[in-house]
Amino acid sequence: MDWPQESLVWDHSTRRADVFSVTVTGYSSSPDQTDSPPFIPAHNTRVRSGIIALSRELLATFPPGAPFDFGDEVELEGLGRFVIEDTMAKRFRKRADIWFPSRDVAIRWGKKRMKMHKLSPASAPVAPTVHLFESAYSD
């Protein structure tokens with residue numbers, strides 16, 4: 001997949017680079033939404049607030065040259081920062097999936113179109129928006 005090359009220069013004032021428009025959904029650790037074991041994402045860590053899964057064409061682990069890799073930090077505009085630690089089923093394209101502590105909250109989050117920024121390695125530590133789970137109830 002070819003991504004626009006016009007935004008490959010780092011914006012040093014905000015420490016942001018590449019911007020991608022993605023559909024953002026939510027998931028939880030329920031067995032029907034994950035592979036086994038449900039609390040261990042693809043990056044072999046443990047699920048927690050602040051992690052995100054990306055569709056496979058966005059991850060360099062699958063097509064070489066893709067713009068992201070496990071451990072990269074991203075920012076969803078207006079929502080907060082996340083670290084990439086999981087991937088999605090092959091059928092999804094241009095998607096991001098935020099981990100939520102319960103299936104109900106993930107469903108209430110719904111499906112939103114958002115801008116996702118790739119952050120430079122020098123960015124501040126990941127600090128997801130404090131009210132992320134509450135925001136799933138408003139629209």
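The following questions and answers concern a predicted model.

Q: Why are E2 and E4 called paired strands?
A: Pairing requires at least two bridges between two strands. E2 (residues 51–54) and E4 (residues 80–87) have four bridges, in the parallel sense, so they count as paired. Within this pairing, Ile51 stands opposite Val83 in E4.

Q: What makes E2 and E5 a pair?
A: E2 and strand E5 (residues 95–99) are joined over three bridges in the antiparallel sense; the requirement is at least two, and therefore the two strands pair. Here Ile52 stands opposite Ile98 in E5.

Q: Which way do the residues of E2 point, and are they buried or exposed?
A: Ile51 and Ala53 point one way, while Ile52 and Leu54 point the other way. All four residues are buried.

Q: Why is Glu57 said to have no salt bridge?
A: Glu57, in the loop between E2 and E3, has Arg93 as the nearest side chain of opposite charge, 4.2 Å away. A salt bridge must lie within 4 Å, so Glu57 and Arg93 do not form one. Glu57 is nevertheless buried.

Q: What makes the approach of Glu57 and Ser55 a polar contact?
A: The side chains of Glu57 and Ser55 are joined at 2.9 Å. The cut-off is within 3.5 Å, so this distance satisfies it. In addition, a polar atom of the Glu57 side chain lies 2.5 Å from the backbone nitrogen of Lys94.

Q: How much space lies in the largest pocket, and which residues are closest to its centre?
A: The largest pocket holds about 620 Å³ of space. Of its 29 lining residues, Gln33, Thr34, Thr87, Met88 and Ala89 are the closest to the centre.

Terms used
Residues are numbered from 1 along each chain as its sequence is written. This is a predicted model: local features need pLDDT of at least 70, side-chain atom pairs count only at pLDDT 80 or more; totals for chains, interfaces and linings use all residues. Side-chain values use heavy atoms; hydrogens and water are left out. Buried means under 20% relative accessible area, exposed over 50%, partly exposed in between (1.4 Å probe, protein chains only). Helices (H or I, at least four residues) and strands (E, at least two) are DSSP runs, numbered from the N terminus. Lys and Arg count as positive and Asp and Glu as negative; His and the chain ends are not counted. A polar contact is a pair of N or O atoms within 3.5 Å; within protein, one must be able to donate a hydrogen and the other to accept it, and residues adjacent in sequence count only if both atoms are side-chain atoms. On a 1 Å grid over the protein atoms alone, a cavity is a set of points where a 1.4 Å probe fits but cannot get out, and a pocket is an open set with protein on both sides within 12 Å along at least five of seven lines; lining residues have an atom within 4 Å of a point. Grid points are joined across faces, edges and corners, and a volume is the space filled by probe spheres set on the points.
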